[in-house]
Every structure is written in C-alpha cells, then in structure tokens.
Amino acid sequence: MTVMGAGVRVLGIETSCDETAAAVVEDGRFVHSSVVSSQVDLHARFGGVVPELAGRAHVEMLDDVVAQALLEAGLEFHEIDAVAAAHGPGLAGALLVGVSAAKAIALATDRPYIGVNHLEAHLCAAWLEDPALEPPFAALIASGGHTMVVLVAAPTRHRLLGQTVDDAAGEAFDKVARLLGLGYPGGPAIERVARDGDPTAIAFPRPMLNDGFEFSFSGLKTAVAIYVRAHPDADVADVAASFQEAAVDVLVTKLFAAADAGGVDTVVIGGGVAANTRLRDRVSEVAGATGRRALLPPRVHCTDNAAMIAATGWWRLVYDGPTPLDAGADPNLRLGA
Ligand code: KG4
Ligand code: ZN
C-alpha cells in the first residue's frame, strides 16, 4: 500500500486497566520509546484490579510516564505529530485519565488527537514486530478481559469470527492462580509453576474445542476448582500445567480453525495471554506443521503497553483521520466499532 504521512511520530497513551504507559512510535511500526509503569504491587493485596485505585494511580503516574517516553525518544512535545490514547474498552475512570491527557496535549500542541480501540491495538502490535507484515491473517487476541479470533484484512479492517461467551482466557488464568494460592497476576504465576508440572497429569475439559469460534473458559475454571477440592493434596505444578495445557489447546485450535476458515497462511497472537510460553511454542509448532507463518510479537508488546496504542493511532490517522475532541471514552467499546 502507499504509505501516507511517512515520518509521522505519534505519542501513545494507555491507561485502560492497571498499566500506566506512554510511547512514541513512528509510522505505526518503529518504536522510539515505550514506557510501562505497572500498578501490580498496588492491586496485588486485593487479588485483582481495584478500579478506583487504578484511576487515581494513573493520575499520579501519567505525567512522569509521558515525560519519560519523550525523554527516551529524545523528543520534545512540539516534535510529536499526533497524540493517541486508548478510549476503550476498559475501566471507565482509568480510560478517562489517558483520554483527557491526550486531548489536552493535542490541544496545547495543536496536533490531531486519535482515540484508539485497545483491542485493535493488540492486533496492530504485530506491525511493531514485522513492519512489512501483509494482511490477510488470522489473529487471536487473548487478554484479561477478552478472548477472540479475528480475520484481519488491513490494520484497521477486521472481521470478528468469535469470542468468549463467559470468562476471558486471562481471567481464567487469574482465577485458577487464585484458587491455587499463586497470587496475582495469575498468568505469569501459572506459567512459572507449570514448568515443573506434568501437562498430561489431569485431563481437564477443552470447552467448545471443535465447536465454532466461540470460547468458554468458565467451565474449565470450575473443573479445576472441583478437582482441587476433591484432591487437596494434588501437586500444584501438575494442576497448573494441566490447566495451562487445556487452555492453550483451545486457543491454538480456534486460531488455526480461523486460519483455515479465512484461507490465510499467517497467524498472529496478541494480548497478555500471548506472552505465555506454552501458547507461543504451540502456535509455532502448529504453524510449522501446517506450513504457515506464526508472528509472535515480543512479550512486552503482548501485555498492555502504549507502543501498540501509538501504532494504531497512526494507522487510524492514515485510514480515517483524527478523532473529534468531544468524543469520549467507551468502557464497552467493541472491536470494529
Ligand atoms: O492484555 P493484558 O495485559 O491486559 C488486558 O487488556 O486485559 O492482559 C492481561 C492478562 C491477565 O489476565 C494476565 O494474567 C494474562 O494476561 N497474562 C498471562 C501471562 N502474562 C499475562 N497469561 C498466561 N501466561 C502469561 N505468561
Ligand atoms: Zn490489553
């Protein structure tokens, strides 16, 4: 495609959940800086994200995080060409902090503002890994709040094939980690403990495995809870590894079913769960076995970050132009909206 606006540097801001992040990305693909300040320690003692605390912490942290992103990029405010912020989906109060800051910076510097869909941003992270990536491809987005398979025709043009009907994959990791006493956030904790476990030890269910493109993780979580109650002395590593294997099995099967349905030979993963090593290994394996290419963005671009927001801001600016300053944030924003 012809790239309009080459050399455009976008400042991206991400505050949709519990990471306060800012980044500068050029032309949607080249990262000048990416700063992520995690609130994990703040929320850990509550076993999950507390929305009120998240919003307040974003207010406290954002100025410093933006300043750091500019410093690391070696740029001043006036050298930024556009400002993007995640405007949904996410926690209402948390989103508003980033959106308001981005609008204020855009207004003060007389630059366009772009509101970015956080889910689309998880998809667009793929171009940070491979600037020459050519759609179409099939993508899996698996995060703490969402799990879906999508066919991507262009960075901002995609078709949702199916999503979870109950819990998100990341949510299942978090809940299972809690019931195994592994703490928060659960994904990395399960992955760590699972390394010493046998993934075939317990045959947990693979809900809706070959049943279309919808996912269901709440039954899997319940199966783990029932197992642990019935086997209080079960080896935690085996439980974690067996749960992880079941979850990964479903995610990988649906991703490649999406690739089959779309007749595409490239698959991409995104979202926090895409940082999972077992998932990454399985996606690579199946891609190899089926003659496909697997594009696995580095872990820091899978979990929440602002580089993906800045990148998506550029693509949206190129395709659709800026977002009006009176547009708000939408906690329930859907992909494609
Ligand atoms: O995309 P993300 O950073 O935030 C949301 O948009 O939700 O995803 C966070 C989710 C959490 O549920 C977390 O437990 C999960 O991603 N996660 C992982 C791993 N790292 C983060 N799940 C499995 N394995 C991991 N290594
Ligand atoms: Zn996310």
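This report describes aromatic pairs, a zinc site and a helix packing in a predicted model.

## Aromatic pairs

Seven aromatic pairs occur in the structure. In one of them, the ring centres of Phe-173 and Phe-243 lie 5.0 Å apart. The planes of these two rings stand at 70 degrees, and because an angle over 60 degrees counts as edge-to-face, the pair of Phe-173 and Phe-243 is edge-to-face.

This pair joins distant parts of the chain. Phe-173 belongs to helix 6 (residues 169-179), while Phe-243 belongs to helix 9 (residues 236-262), and the two residues are 70 apart in sequence. Buried residues have a relative accessibility under 20%. Phe-173 therefore counts as buried, at 3%, and Phe-243 likewise counts as buried, at 0%.

## A stacked pair and an aromatic cluster

The pair of Phe-215 and Phe-217 has its ring centres 6.1 Å apart. Its planes are at 15 degrees, so this pair is stacked. Both Phe-215 and Phe-217 are buried. Phe-215 also has a charged neighbour: Lys-254 lies over the face of its ring, at 5.7 Å from the ring centre.

Elsewhere, five residues form one aromatic cluster: Trp-127, Phe-137, Trp-314, Trp-315 and Tyr-319.

## The zinc site

The zinc ion (ligand 2) has as its protein donors His-118 and His-122, each through NE2, and Asp-304 through OD. These donors lie 2.0 to 2.1 Å from the ion. Along the sequence, the donor residues follow the spacing H-x3-H-x181-D.

His-122 is located in helix 4 (residues 118-124), whereas Asp-304 is located in the loop between helix 11 (299-302) and helix 12 (307-320). The pair of His-122 and Asp-304 therefore ties together parts that are 182 residues apart in sequence. Both His-122 and Asp-304 are buried.

## Packing of helix 6 and helix 7

The packing of two helices is described by the angle between their axes and the distance between the axes. For helix 6 and helix 7 (residues 186-194), the angle is about 65 degrees and the axes are 7 Å apart. The crossing of helix 6 and helix 7 is left-handed.

On the side of helix 6, the contact is made by Phe-173, Asp-174, Val-176 and Ala-177. On the side of helix 7, Gly-186, Gly-187 and Ile-190 take part. Phe-173 thus appears in two settings: Phe-173 pairs with Phe-243 in helix 9, and Phe-173 also contributes to the contact between helix 6 and helix 7.

Note on methods. Residues numbered from 1 in each chain as written. Chains lettered and ligands numbered in written order. Predicted model: local features only at pLDDT ≥ 70, side-chain atom pairs only at ≥ 80, totals over all residues. Heavy atoms only, no water. Phe/Tyr/Trp six-rings, centres within 6.5 Å; stacked < 30°, edge-to-face > 60°. Helix = DSSP H or I, 4+ residues; strand = E, 2+ residues; numbered from the N terminus. Buried < 20%, exposed > 50% of the residue type's maximum accessible area, 1.4 Å probe, protein only. Lys NZ or Arg CZ within 6 Å of the ring centre and 35° of its normal. Donors = N, O, S within 2.8 Å, 3.2 Å for Na, K, Ca; no water. Axes fitted to C-alpha atoms, helices over the stretch in contact; angles between N-to-C directions. Left-handed = near helix turned anticlockwise from the far one by under 90°. Contact = heavy atoms within 4.5 Å.
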